[in-house]
Amino acid sequence: MTRILARIHRFIHNRRTVTATDRLKGPLSAVELNNSLLTAIKISQSEEYQGTLYALKNGRLPPLSLTSLSPLLDKDGCLTVGGRLDNSNLSPRAKHPWLISKNSPLATLICDHYHRLLLHSGLQTTLSMIRRRFWIPSLRSLLRQRIRMCSTCYRLTCVHSAKKLLVRQVGDTILTIEEFSTLLHRIEAVLNSRPLIAPSNDPIDGVDYLTPGHFLIGTALTSLPEPPSDNSMSSPTRWRLVQQMSYNFWEQWSKDYLNTLMQRNKWKRPQPNLTVGQLVYVRNLNTSPLTWPVGLITALHPGTDGVIRVVDVKIGGKNFTRAVTTLVPLP
């Protein structure tokens, strides 16, 4: 589709160009393909998100159904997801993917394209790759439907993502039984350290979470692969080879999981920030609310988006740094 649009754009450009030297020739360039993709996105969004585009262009809040995504307009005028990943190490497009409606024909074309591009990979692999550029609400159900309709995949069974990544990391490398066993155990530790949630549109907030490791050893498996100190793939040391493979596995898996945290599950409506001099209760989950101490806010620590999430509180003559989620403002 993008190539067809690019050819149309080129034809219009050449028809409007007087001099032959300014006419576009040869294979389609990356700029032409990107411009055609932007055209398809704008057409799709104008049909599905007309009200949201109008609200954002006039400085109004988006509809309630989209507040969890914090939508915003990029420099090209396309609707993107604001998300919660501004401080992550993802690419700019992965931080703010284009918002595409599930009911749009473009969403179907995107699913089919990436499914073929990834050589008919399973649902999770395709979903993870799509979310690095596009955010399609209810993508999992749409993608599952498209994969079921794929004639190539009709008689194939799904392969677990861990097996696929294991094959990709090992490749043609010949490992000894000890090295292969070590790599398998490290991959097992990685998978058993993940939160027990389905990678969906409902991410888990907070630090503490239940993992498969709790059912194995009673606590989370926190010994994650450490990054290699140098380019160990070219090193003759066999241990560093296994170390590099396990780190590559962890890096790939962590990026896939990070994309699931894009949507905001709570705090969808803007709330007034706390102010210096305001009295608050300091919550303590281990004591009764009647015994919570009263503190005085002495300093604010705003984030890059201007929202106050951390403050300094004076309690009994001493200053403490606390998250605003642990404070209850006095009326």
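A residue counts as buried under 20% relative accessible area, as exposed over 50%, and as partly exposed in between. By that scale Arg-93, with a relative accessible area of 23%, is partly exposed because its value falls between the two limits. The model described here is predicted.

The protein has 331 residues, and 37% of them are buried. Its secondary structure comprises 11 helices and nine strands. The accessible surface amounts to about 20200 Å². Carbon and sulfur atoms hold 57% of that surface. Among contacts with a separation of 6 or more, 53% join residues 24 or more positions apart.

Nonpolar side chains tend to be buried together in soluble globular proteins. In this model the largest nonpolar core has 22 residues. The residues with the most contacts inside this core are Ile-41, Ile-100, Ile-110, Ile-130, Phe-134, Ile-136 and Leu-143. Four helices give two or more residues each: α2 (30–48), α5, α6 (123–130) and α7. Helix α5 gives the most, with five residues. The surroundings of Ile-41 can be listed in detail. Leaving aside residues up to four places away in sequence, Ile-41 touches Cys-78, Trp-98, Ile-100, Leu-106 and Phe-134. A second core of 14 residues is separate. Among its members are Leu-66, Val-81, Trp-135 and Leu-261.

Two helices were examined along their length. Helix α1 covers residues 2–16, 15 residues in total. Its first and last C-alpha atoms are 21 Å apart, close to the 21 Å expected at 1.5 Å a residue. The buried residues of α1 are Leu-5, Ala-6, Arg-10 and Asn-14. These buried residues pack against α2. Helix α2 also gives two or more residues to the largest core.

Helix α11 runs over residues 238–258 and has 21 residues. Its end C-alpha atoms lie 30 Å apart. This agrees with expectation, because 21 residues at 1.5 Å a residue should span 30 Å. The buried residues of α11 include Leu-241, Val-242, Met-245, Tyr-247, Phe-249 and Trp-253. Gln-243, Gln-244, Ser-246 and Asp-256 are also among the buried residues of this helix. Ser-246 has 2% relative accessibility. It is therefore buried, as that value is under 20%. Ser-246 and Val-170 are 76 residues apart in sequence. In space, their C-alpha atoms are 9.8 Å apart.

Side chains of opposite charge can pair when their charged atoms come close. Four salt bridges are found in a search of the whole structure. One of them joins the side chains of Arg-93 and Asp-74, at 4.0 Å from N to O. This pair links distant parts of the chain, 19 residues apart. Arg-93 lies in helix α4 (residues 92–95). Asp-74 lies in the loop between β1 (71–73) and β2 (79–81). The two partners fall into separate accessibility classes: Arg-93 is partly exposed at 23%, whereas Asp-74 is buried at 18%.

Another salt bridge pairs Arg-146 with Asp-112. Their closest N and O atoms are 2.9 Å apart. Arg-146 is in helix α7 (residues 139–148) and Asp-112 is in helix α5 (residues 105–117), so the pair ties together parts 34 residues apart in sequence. Both helices give two or more residues to the largest nonpolar core. Arg-146 is partly exposed, with a relative accessible area of 21%. Asp-112, at 16%, is buried.

Lys-75 and Asp-76 also form a salt bridge, with 3.5 Å between the closest N and O atoms. Lys-75 is exposed, with a relative accessible area of 79%. Asp-76 is partly exposed, at 27% relative accessibility.

The surface also carries a nonpolar patch of about 360 Å². Leu-279, Tyr-281, Val-294, Leu-296 and Val-328 make up this patch. Strands β5 (279–282) and β6 (294–302) each supply at least two of its residues. Leu-296 belongs to strand β6. Its relative accessible area is 33%. Leu-296 is therefore partly exposed, since that value lies between the limits of 20% and 50%.

Terms used
Residues are numbered from 1 along each chain as its sequence is written. This is a predicted model: local features need pLDDT of at least 70, side-chain atom pairs count only at pLDDT 80 or more; totals for chains, interfaces and linings use all residues. Side-chain values use heavy atoms; hydrogens and water are left out. Patches are made of residues with over 30% relative accessible area and no salt bridge: like charges are joined within 9 Å, nonpolar side chains (Val, Leu, Ile, Met, Phe, Trp, Tyr) within 5 Å. Accessible areas come from the Shrake-Rupley method with a 1.4 Å probe; for residues, only the protein chains shown count as cover. Buried means under 20% relative accessible area, exposed over 50%, partly exposed in between (1.4 Å probe, protein chains only). A nonpolar core is a set of buried Ala, Val, Leu, Ile, Met, Phe, Trp, Tyr and Cys residues joined through side-chain atoms within 4.5 Å. Contact means heavy atoms within 4.5 Å. The expected span of a helix is 1.5 Å times one less than its number of residues.
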